[in-house]
Amino acid sequence: MESAELATAASVLITEGHKMLAAHVETVLIVAGATSWEMAVEANVAGTVIAGIQSPAEWISQVTKAPHRELEVLVRRDRKSNVVLALGATETDSEVFDQAKALAAHLLRIGAASVKFTKLAFFTLDAVLASRPESEQGPYLEALIADAADKLGARPKATVAEKVAPASIAPTVDTEMGRTYIPRGDAPPLVIMEAAARRLRTHSVIDDLRDPRGINADFTHDLEISVMTASGLRVYEVPGVRDADLVTPRRWLNRIPQGTSIVVATDAWIGKAIDASIRAHRADEVIESPVLKRTGWKQVDGTWGFLTTSGFMTAQGLTNRAHSQLATAYNMIALNDLSGLTVDDERDAAANTQAMAAELTDTNFWAGMWGPTIWSAAGMGVGAVPFVAGHHGCGKTTMVQGLTAHISAAFAPSGKPMGVIDGSVPNVGRMGAGLDGLIVAIDDSRKRTTSHGNEDQEKALERLVRAGYGGGSARHSVSMKNTQTGEWELGVPDLSSPTVVMVGEQIPDAEELDSSRERLYPIVIEPGFNIFRSGNSEVYESLANSGLPAVTFAAFLRWAAARIEEEGMDAWRARWAKSRVAAIALLEDLPVSRRVREVAALVTAGNLIWFEYLRHLAVITVEEQKVLVIAVHHAVRKTALFHGTTNMTSGEKPSWEPLLDALRASVAGGQAYVQIDGAAPMKDLKGLVIAFDERKKLLGVRRAGRGGNVEFLAFQARDASALLRMDPRHRSITEKAIITAFAPVAIVDSGHKQKLVRINSLNVNCVAVPWSLFAPSETETETETETESTTETGGE
């Protein structure tokens, strides 16, 4: 009978094949232990029915406490069945002894001609059979059956678990035989688990985004589990076993093939004994490494290296001394293992990146993306946000994916661009959480057709630009759940600083980003301009898909780690910071702001680091290095001048007059009302009905000025935008656009764009415009009324 035919019925394994054979043969072998009986079945002994029970402790049903009824089909009613019960590795267990004896008596009562017993000491039947050639397995099993005894012999002494102190247990982990046992002097050992487990690595998991000092560190273990199977010893690795789960072996045994069938003793103290054995076994060989929630440059045991999910890149290469644990979407970010990489291989990889840059028709295209990327990857932090702008279909997304291919092949043009998302989603601020020193690409950073989409877009862009320029992804406190109280509490800010690379059809104008626009570094592809030197992206994509970009990035980090080890991190950072200061000085003559010069100079400084790496590899000569530096400087200078003196807007700014007309119309038409400040009633002025109505929306409050100041109407930009969007002409109006439009006539607090006004017991920032602009003055109204009255009288 083939082992594949076996099926499970409770804990007794009986198939239809068993039942058919039982009616014709006289010898029945019942084996305890799943792998043991399966191996015996494969031995294929003629004239014998071989059945099994999953656990040696289940000769008797654990549910009914009576012999398994399934076994009765194996016993012929003509008194011609000869049954052999095979005890392996459990003959010293008094409970198993009693169960086997009771089962034998039961089988005799229901018709068995005889019931005999065979013992294998502490060996398992499959281990014995596996150690013999296939041609000898059948004869050995036949001899085993022939030598079976009529009696079990003396009953072993019962083991009293309560008398065994868990702290004094010293189990032995036998990785060669795949078992864990407790030695008992001259007596056979007590096997407590038919597997051997040992620690390979122990990780201290520190959430440095919320717990930077590691006060509440968790621990996990990577286990190596050895199991003796029918085909010999098998060794499996099970990563990420929680420290608390070492005492419950079933949780991690079930993670390996056929792990559910591995027998583990069920006594109360067994879990603690196995836990102790794993911790003690070869403890001095266990690698202890930290796991942090973000990537980037860290110092572990006095050694500087760059941390990613794949390991810790040091001057010696990638090690497993530590690793990061990122969100699922970014687990693909991993550094290549550089073991075996020759200098020629590293040189070819770096030359591949240079070839990608050469495939672009403008120096600024690659330099603008690569400079900030290298600056951040070298441990210098951030300070510029590359923004690739161009018309639809010009190849800008493909170009950026070629950049991000350096941190993962999955970001290459042929892979899934998981780092490229729609920049308008509400949770965009979380992009890059944990990605310190790496790249985040944001695609589709364009204006939306709806007002709600526009506001989401602006908030998203503002948050990302601030993080990409000043560091600290999101720059907000993240919430964390208190494991003791179950309540969410405010944690520490996420200080990860990724290089944020944006892609869109146009660069946001000053109206949308205010001063944040200066933090962008523009990479503009003009309409009709060919981005790729060959006329299409095929050569560029082949270079990006070659796998070499990922080698380049890993090798660069290894080189940087070696320089940091030589110079020290402080000296390394000071040296390149000095280069950036020099680059800023070269731009001092440009009529642009200081921030624009600083952003542009960072692009130059980042490329200087890269060129030094190329010189180290002899990919470029000294003269070629000079030519490359000059080319980058000219491109950066041209870009800074263009960006610093041009406000690229999507259209004319809305003036305040048409907006005020629309707001006035909403009040006149009954969609809104103005709240009166104080008890003084207000007249109905030329159809400007001012009365409270729950169906109307509050536009704002009329406030009396103080110290001779004019009266003004105070309204929140949020309320005004809701009213204005009812007008098709202003369907896409934003709050920021309203504030900007009214700036020429607004009454503001000193140093602010708005005025703080108390409305309904709350102090809120408001747009405040003189009341005379919103409604005719009372004097003018009274004069007009008198004139109208006189005219009417004269007519009479």
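**Burial, Pairing and Packing**

Colleague: What is the relative accessible area of Glu588?

Modeller: Glu588 is classed as partly exposed. That class lies between buried (under 20% relative accessible area) and exposed (over 50%), computed with a 1.4 Å probe on protein chains only. Glu588 falls in this class because its relative accessible area is 39%.

Colleague: At which pLDDT do side-chain atom pairs count in this predicted model?

Modeller: Residues are numbered from 1 along each chain as its sequence is written, and side-chain values use heavy atoms, with hydrogens and water left out. The model is predicted: totals for chains, interfaces and linings use all residues, local features need pLDDT of at least 70, and side-chain atom pairs count only at pLDDT 80 or more.

Colleague: Which residue forms a salt bridge with Glu588, with the closest N and O atoms 3.0 Å apart?

Modeller: A salt bridge is a side-chain nitrogen of Lys or Arg within 4 Å of a carboxyl oxygen of Asp or Glu. The partner sought is partly exposed, at 42% relative accessibility. With the closest N and O atoms 3.0 Å apart, the partner of Glu588 is Arg594.

Colleague: How many residues apart in sequence are the parts that Asp589 and Arg637 tie together?

Modeller: The side chains of Asp589 and Arg637 meet in a salt bridge at 2.2 Å, N to O. Helices (H or I, at least four residues) and strands (E, at least two) are DSSP runs numbered from the N terminus. Asp589 lies in the loop between helix H15 (569–585) and helix H16 (594–617), whereas Arg637 lies in helix H17 (residues 622–645), so the separation in sequence is 48 residues.

Colleague: Is Asp589 buried or exposed, and what is its relative accessibility?

Modeller: Its partner Arg637 counts as partly exposed, at 24% relative accessibility. Asp589 counts as exposed, with a relative accessibility of 52%.

Colleague: Which strand holds Arg198, the partner of Glu224?

Modeller: The structure holds 25 salt bridges, and one of them joins the side chains of Glu224 and Arg198 at 2.9 Å, N to O. Glu224 lies in strand S10 (residues 218–229), so the pair ties together parts 26 residues apart in sequence. Arg198 counts as buried, at 12% relative accessibility. Arg198 lies in strand S9 (residues 196–206).

Colleague: How many residues of helix H9 are buried?

Modeller: Helix H9 (residues 363–380) is largely enclosed by the rest of the structure. Ser376 is found in this helix, and it counts as buried at 4% relative accessibility. The enclosure of H9 follows because the buried residues number 17 of the 18.

Colleague: To which residue's backbone nitrogen does a side-chain oxygen of Asp362 reach at the start of H9?

Modeller: A polar contact is a pair of N or O atoms within 3.5 Å; within protein, one must be able to donate a hydrogen and the other to accept it, and residues adjacent in sequence count only if both atoms are side-chain atoms. After H9 comes Gly381, with a positive phi near 85 degrees. At the start of H9, the side-chain oxygen of Asp362 reaches to within 2.7 Å of the backbone nitrogen of Asn364.

Colleague: What arc around the axis do the buried residues of H5 cover?

Modeller: In helix H5 (residues 134–146), Gln137, Gly138, Leu141, Leu144 and Ile145 are buried. The arc is that of the directions from the helix axis to the C-beta atoms. These residues lie on the same side of H5, because their arc is only 125 degrees.

Colleague: Which helix gives the largest share of the largest nonpolar core?

Modeller: A nonpolar core is a set of buried Ala, Val, Leu, Ile, Met, Phe, Trp, Tyr and Cys residues joined through side-chain atoms within 4.5 Å. Of the 90 residues in the largest one, those touching the most other members are Trp297, Met399, Phe556, Leu557, Trp572, Ile609 and Trp610. The largest share, 13 residues, comes from H16.

Colleague: Where does Asp301 lie?

Modeller: Asp301 has a positive phi of about 55 degrees although it is not a glycine. Asp301 is exposed, with a relative accessible area of 69%. Its place is the loop between strand S13 (296–300) and strand S14 (303–308).
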